[in-house]
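Hi,

Here is the structure I promised to pass on to you. Please have a look at it first, and then read my notes underneath.

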Amino acid sequence: MTHRILYLGAVLLMAVSAAGTAAADQGRLRSGAQRAANAAVTVQQGRGNAAGIAQTGAGNTAGLVQLGHNNTGAILQAGSGNEACLIQAGRNLDGGIQQVGDNLTTGVLQNRWGTADIPVDVCATATTRRDLAAYMPQRSEESFRARRFRQDRIEP
């Protein structure tokens, strides 16, 4: 009986959420013209990834690509005509893009060595790490550990 109540509660919550989302997307139109639709795409390869995209306004485009494990990413777009692309390639990365205003463009690539600005078009084409190789932040020289060989042993 308890499982059935939980199931019905979850279905009711989803129905209310869907109705609220549909109503919020219509918004107020001043001239009677149709609003441009928002578009959002999330691609996840790996385990334990969490992604969220929230859009208010019209004509916004967002892409969130996670290649790795235990990444958390979020995109918030409040306005119209915004474009955002967040790519996380690695493990345990946290990132987000917040756009408040109109006609903003932001592209970010994260890996374990840092972040890099990228064109927003990369989200539409990148499906593997090989596709991202040209944009990846590179490992700095300071991060390399020097090793010395001494009597057939490697010392850190």
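Below is what I found, starting with a sheet and moving on to the nonpolar cores. Please keep in mind that this is a predicted model.

Let me begin with the sheet. It is open and made of 3 strands, in the order β2-β4-β6, with parallel pairing. The edges are taken by β2 (50-56) and β6 (94-100); each has a single partner strand, so one side of each is left without a neighbour in the sheet. On average, neighbouring strands here are turned by 0° against each other, direction ignored. If you zoom in on β2 and β4 (residues 72-78), you will find that 7 bridges join these parallel strands. Within that pairing, Ile53 stands opposite Ile75 in β4.

Now to the cores. The largest nonpolar core has 13 residues, and those touching the most other members are Cys85, Ile87, Leu109, Ile118, Val122 and Leu132. At least two residues of this core come from each of β3 (61-69), β5 (83-91) and α2 (122-125), with β5 giving the largest share, 3 residues.

Ile87 is a good place to centre your view. Leaving aside residues up to four places away in sequence, Ile87 touches Val65, Val108, Leu109, Gln110, Ile118, Val122, Cys123, Ala126 and Leu132. Another core, of 7 residues, lies apart from the largest one, and its members include Ala62, Leu64, Ile75 and Leu86. You have met Ile75 already, as the residue of β4 opposite Ile53.

Happy viewing, and best wishes

Definitions and conventions:
Residues are numbered from 1 along each chain as its sequence is written. This is a predicted model: local features need pLDDT of at least 70, side-chain atom pairs count only at pLDDT 80 or more; totals for chains, interfaces and linings use all residues. Side-chain values use heavy atoms; hydrogens and water are left out. Two strands pair if DSSP finds at least two bridges between them. Helices (H or I, at least four residues) and strands (E, at least two) are DSSP runs, numbered from the N terminus. Axes are lines fitted to C-alpha atoms, for helices over the stretch in contact, and angles run from 0 to 180 degrees between N-to-C directions. A nonpolar core is a set of buried Ala, Val, Leu, Ile, Met, Phe, Trp, Tyr and Cys residues joined through side-chain atoms within 4.5 Å. Buried means under 20% relative accessible area, exposed over 50%, partly exposed in between (1.4 Å probe, protein chains only). Contact means heavy atoms within 4.5 Å.
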